[in-house]
2 protein chains.
Amino acid sequence: MDTSIKNILKNNHDVKVNGSLWLESANGHFFGPGPVELLERIADTGSINMAAKAMNMSYKKAWALVNALNAQTSSPVVIPQAGGKKGGGSTLTGEALELIRYHRLLRQRFADFLESETRQLKE
Amino acid sequence: MDTSIKNILKNNHDVKVNGSLWLESANGHFFGPGPVELLERIADTGSINMAAKAMNMSYKKAWALVNALNAQTSSPVVIPQAGGKKGGGSTLTGEALELIRYHRLLRQRFADFLESETRQLKE
DNA sequence: CATCGTTATATCTTTTAAAATATAACGATA
DNA sequence: TATCGTTATATTTTAAAAGATATAACGATG
C-alpha cells in the first residue's frame, strides 16, 4: 500500500482519463468532433438543414460551424447553393472528405493515448 | 501539391492541434488544470480563500473544487480548519502532493502528444 | 469571552451561451 | 413566373453558468 494514484483515488475502477481535441488557429477552434459529424451528415443528406436536424443541432449553429470551417481552408470544403433544384443544398468537396479521413485517424490516436493513460492509472 | 491536410488548411503554420484533459468518474470531472493550480496555491498560502484570490477565482468556486476533489479520494487531500489560529486555514496531505506530481507528468505526456500531432499536421 | 480571518452555505444578480423564432434571398424547374 | 426547400441573417427568448453579496459557524489565542 504505497502512495500511488491508484490508492489515492476512490472507486479507482470507475476513474478514467478523458479529454477533448480540436484544431485551432488565431481565429479560434474550428474542428472538433461536432463539426466532423456535421460534415458526414451533410455528405449523407446533401443539406446543412437536414444534417443539423438529424443530429439535433440548430441550423444556426450548423451554419456557423460550416462557415468557420470554410474560413479555415484554402478553398471552401462545403459548397452551398441557395435556391435551385429542391430549393438548393450543399455538397462536400474532396478536401472535405480528406479532412474527415484525417480526423478519424487523429481521434483514434487520441483514444489510444487516453486508454493508455487510463490503464497506467490503475496499475 | 497533393490532398494532404497541410494543403487543405489555410495559414497552415498557425494551425495547431490542441485539447484538454481531465480525470472523470461517474460523478463527473474532478481533476482539470484549474483544480491543480488551486491545490498548489493552497499549499503556498495555507488558505483556500487566499489561494482563490491569488488566481482570481471566487471562493465559492474554489471551495466547490476542493469539495469535489475530496469526494473523489479515499480520504480528504485538503484538510480544512474553520476557526483557530488566524481564523483557520487549509493544509494539503501527502496524497495531495502526490496528485500534483502525477498531474504534472500526465500534462507533460499530453503536451508531447499534442506537439507530435501538430508537427505531423505540417509535414 | 471577545477577536480574528477562515470555512461553509444560501441567496440574489449579472453575464454569457444557447435556443427559438421570424424573414429575406436564392435559382432550377414546371 | 409561381413554387419549392434551401441558404443566409437578424432578432428575441430562454437557460445555464458565473459572479457578487451576505451571513453563520468555527476554534485557537490573548
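## How the two protein chains meet

Two residues are counted as in contact if their C-beta atoms, placed from the backbone, lie within 7 Å. By that rule, in this predicted model, 30 residues of chain B are in contact with 31 residues of chain A. Of the interface residues of chain B, 100% are also interface residues in chain A, so the copies meet through the same surface.

On the side of chain B that touches chain A, α1 (5-8), β1 (16-25) and α5 (94-121) of chain B each supply at least two residues, where helices (H or I, at least four residues) and strands (E, at least two) are DSSP runs, numbered from the N terminus. The most is given by β1(B), with 10 residues. This side of chain B divides into 13 nonpolar, 10 polar and 7 charged residues, with Ala, Val, Leu, Ile, Met, Phe, Trp, Tyr, Cys and Pro counted as nonpolar, Asp, Glu, Lys and Arg as charged, and the others, Gly among them, as polar.

## Paired strands and the axis

Strand β1 (residues 16-25) of chain A pairs with β1(B) in the antiparallel sense over 9 bridges; two strands pair if DSSP finds at least two bridges between them. Within this pairing, A:Ser20 stands opposite B:Ser20 in β1(B).

Chain B is superposed on chain A by a rotation of 180° with 0.1 Å of shift along its axis, and the RMSD is 0.1 Å, the fit being made by least squares on the C-alpha atoms of residues with pLDDT of at least 70 in both copies. The two copies are therefore related as by a two-fold rotation axis. In chain B, the C-alpha nearest the axis belongs to B:Ser20 and lies 2.7 Å from it.

## The surfaces near the DNA

A residue is near a strand of DNA if its C-beta atom, placed from the backbone, lies within 6 Å of it. Around DNA strand D there are 23 residues, of which A:Ile48, A:Asn49, A:Ala82, A:Gly87 and B:Gly83 come nearest. The surface near DNA strand D has 6 nonpolar, 12 polar and 5 charged residues.

DNA strand C is also surrounded by 23 residues, the closest being A:Gly83, A:Gly84, B:Ile48, B:Asn49 and B:Gly87. To the surface near DNA strand C, α4 of chain A together with α3 (48-54), α4, β3 (78-82) and β4 (88-92) of chain B each supply at least two residues.

## Notes on the model

Residues are numbered from 1 along each chain as its sequence is written, while chains are lettered from A and ligands numbered from 1 in the order in which they are written. In this predicted model, local features need pLDDT of at least 70 and side-chain atom pairs count only at pLDDT 80 or more, whereas totals for chains, interfaces and linings use all residues.
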